[in-house]
Amino acid sequence: MTAKEVLAFAERNNVRIVDIRFCDLLGLWHHVSFPMHVLDLQSFEDGFGIDGSSIRGWASIHESDMLLVPDPSTAILDPFRDVPTMTMVGDIIDPITKQQYPRDPRFIAKKAEAYLGFTGLADTVYVGAEAEFFIFDNIRFDQREQYGFYFIDAEEGRWNSAREENNLGYRPRYKEGYFPVPPTDHYQDLRTEMTLQMERCGLEVECHHHEVATGGQTEIDCRFTTLVRAADNLMLYKYIARNVANQYGKTVTFMPKPLFQDNGSGMHIHQSLWLKGKPLFAGELYAGLSQMALWYIGGLLKHAPALVAFAAPTTNSYKRLVPGFEAPVNLAYSRRNRSAACRIPMYSPNPKSKRVEFRPPDPSCNPYLTYSALLLAGLDGIENKIDPGEPLDKDIYDLSPEELKGVPSLPGSLEEALEALEHDHEFLLKGDVFTKDIIELWINYKTKNEVQAIRMRPHPYEFALYYDV
């Protein structure tokens, strides 16, 4: 919609509140609400004043005034509010320079799309993300000087099989939750409600299903779209999943590895480049790929250790990315091997469906930063004709130690990923998409507030290991 169409849309739907949202550096949505009467055509140029000093990774207190300018193309009705409320995603503008704020993740994603056009290699990148998440009934956690714990419960969790009261059985076994029908799948109706709400809000859902883990692991897949829109859509996807679950008395988490000894939640990201309406990744080489697609894969694999600093950005991410557990930690590509970092889906021979799937990311990431970083890595591969090597079509578990030595792997921790980013980020600076300020800010914030914070705190299992030493 245009600005005029948004105002007409609001009038038709008796909108009383307009809610404008924006994303912080780490990937959480924030919002501010206004009575509908304050929104007019000029608002889409002038924006609304906000204080950015308390937003993580943003301005300090002495330069905190910012403008939040709504994007009319993102307008929807919020299905969860009692009062008719229209939401829009906003861009952050510096009130002094009238330029977009360089630390706004959405601006970084816009620059990534612009840089793609500038290269002349393609004019469109399509992105499709498969975000997994858990649905729990109860979550408790705390950390103090003298104790630290978490406690998860889910009616569907296999651990409840011995419960005496109200126990009807039918729970997925550990690592056997893929595609069971109800009543073993407890969340068919809940996922359907999430799906319907997503479609009412403009997302195009392709399918939903139970995932591998017990305890309510779920996947809802949405159709690919352009980079910035795909990132906007993932933020909306998370919002809808959380709010529908909340209405049902459930809680959703996109934390990558909440359960011990069961599968974690990933977010496989599909990418393809197009030029003038034609797909560029289809060809006559391995798995039906073009040379451009193979070079793109070469860029992803070369820069993967640095990419996961954005794509798998939490200390918890590396509880999922563990070698030997079907995790996509091997820096190789394959048309079927799901332990390879890059996979080429083979479901359809249609050239329009030819794409590259990057499997290490998880849904804790900031999609604006992650999608942008993946695009820049792929473009670097094309520009420098980076050879991805031979594909990994063997079963990783059948490889000999000598063969396995030749397959590099991802960093084993967030700290290692941040170190990789520190040493390999020149490709991110092309076109001024990322800036040195953003790279340094990301590394410093993550190191201080996550890596060091976790390192300083005793782990509960350490008491089992060491209390009697």
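**Entry 1: contacts and overall form**

I began with the contacts in the protein between residues at least 6 apart in sequence, and I noted that 68% of them join residues at least 24 apart. I keep in mind throughout that this is a predicted model.

I then looked up the secondary structure and found 12 helices and 18 strands in the protein. The radius of gyration is 23 Å, close to the 23 Å that the globule rule gives for 469 residues, so I wrote the protein down as being as compact as a globular protein of that length. Taken along the principal axes, the box that the C-alpha atoms fill is roughly 65 × 60 × 50 Å.

For the surface I noted an accessible area of about 22400 Å², of which 53% belongs to carbon and sulfur atoms. Of the 469 residues in the protein, 54% are buried.

**Entry 2: the nonpolar cores**

Which residues of the largest nonpolar core touch the most other members? I found that they are Met-194, Tyr-237, Leu-273, Tyr-371 and Phe-434, in a core of 102 residues.

I followed Met-194 further, leaving aside residues up to four places away in sequence, and its list of touched residues holds Phe-133, Ile-135, Ile-220, Ile-240, Ala-241, Val-244, Ala-245 and Val-252. There is also a second, separate core, made of 23 residues, and I noted Ile-20, Phe-34, Trp-58 and Met-86 among them.

**Entry 3: salt bridges**

A search of the whole structure gave me 26 salt bridges, and I looked at three pairs in detail.

In the pair of Arg-106 and Asp-71, the closest N and O atoms are 2.9 Å apart. Arg-106 belongs to helix 3 (residues 105-119), while Asp-71 sits in the loop between strand 4 (65-70) and strand 5 (76-77), so this salt bridge ties together parts that are 35 residues apart in sequence. Are these two residues buried or exposed? I found both Arg-106 and Asp-71 to be buried. The two also belong to a network of salt bridges that links Asp-71, Asp-91, Arg-106, Lys-110, Arg-229 and Asp-232.

The next pair I looked up was Asp-137 with Lys-250, where the closest N and O atoms of the salt bridge are 2.5 Å apart. This pair links distant parts of the chain, 113 residues apart, for Asp-137 is in the loop between strand 7 (124-136) and strand 8 (138-143), and Lys-250 is in the loop between helix 5 (227-247) and strand 13. I noted Asp-137 as partly exposed because its relative accessibility is 29%, and Lys-250 likewise as partly exposed, with a relative accessible area of 21%.

My last pair was Asp-142 with Arg-144, a salt bridge whose closest N and O atoms are 2.8 Å apart. With a relative accessibility of 24%, Asp-142 counts as partly exposed, and Arg-144, at 45%, counts as partly exposed too.

**Entry 4: a nonpolar patch on the surface**

Finally I turned to the surface and asked which residues form a nonpolar patch there. I found Ile-139, Phe-141, Tyr-150 and Phe-260, which together have about 520 Å² of accessible area.

Where is Phe-260 placed? I located Phe-260 in the loop between strand 13 (251-253) and strand 14 (267-275). Its relative accessibility is 67%, and because exposed means over 50%, I entered Phe-260 as exposed.

Key
Residues numbered from 1 in each chain as written. Predicted model: local features only at pLDDT ≥ 70, side-chain atom pairs only at ≥ 80, totals over all residues. Heavy atoms only, no water. Patch = residues over 30% accessible without salt bridge, like charges linked within 9 Å, V, L, I, M, F, W, Y side chains within 5 Å. Areas by Shrake-Rupley, 256 points an atom, 1.4 Å probe, with all protein chains shown as cover. Salt bridge = Lys/Arg side-chain N within 4 Å of Asp/Glu carboxyl O. Helix = DSSP H or I, 4+ residues; strand = E, 2+ residues; numbered from the N terminus. Buried < 20%, exposed > 50% of the residue type's maximum accessible area, 1.4 Å probe, protein only. Core = buried A, V, L, I, M, F, W, Y, C linked by side-chain atoms within 4.5 Å. Contact = heavy atoms within 4.5 Å. Rg over C-alpha atoms; globule rule 2.2 N^0.38 Å.
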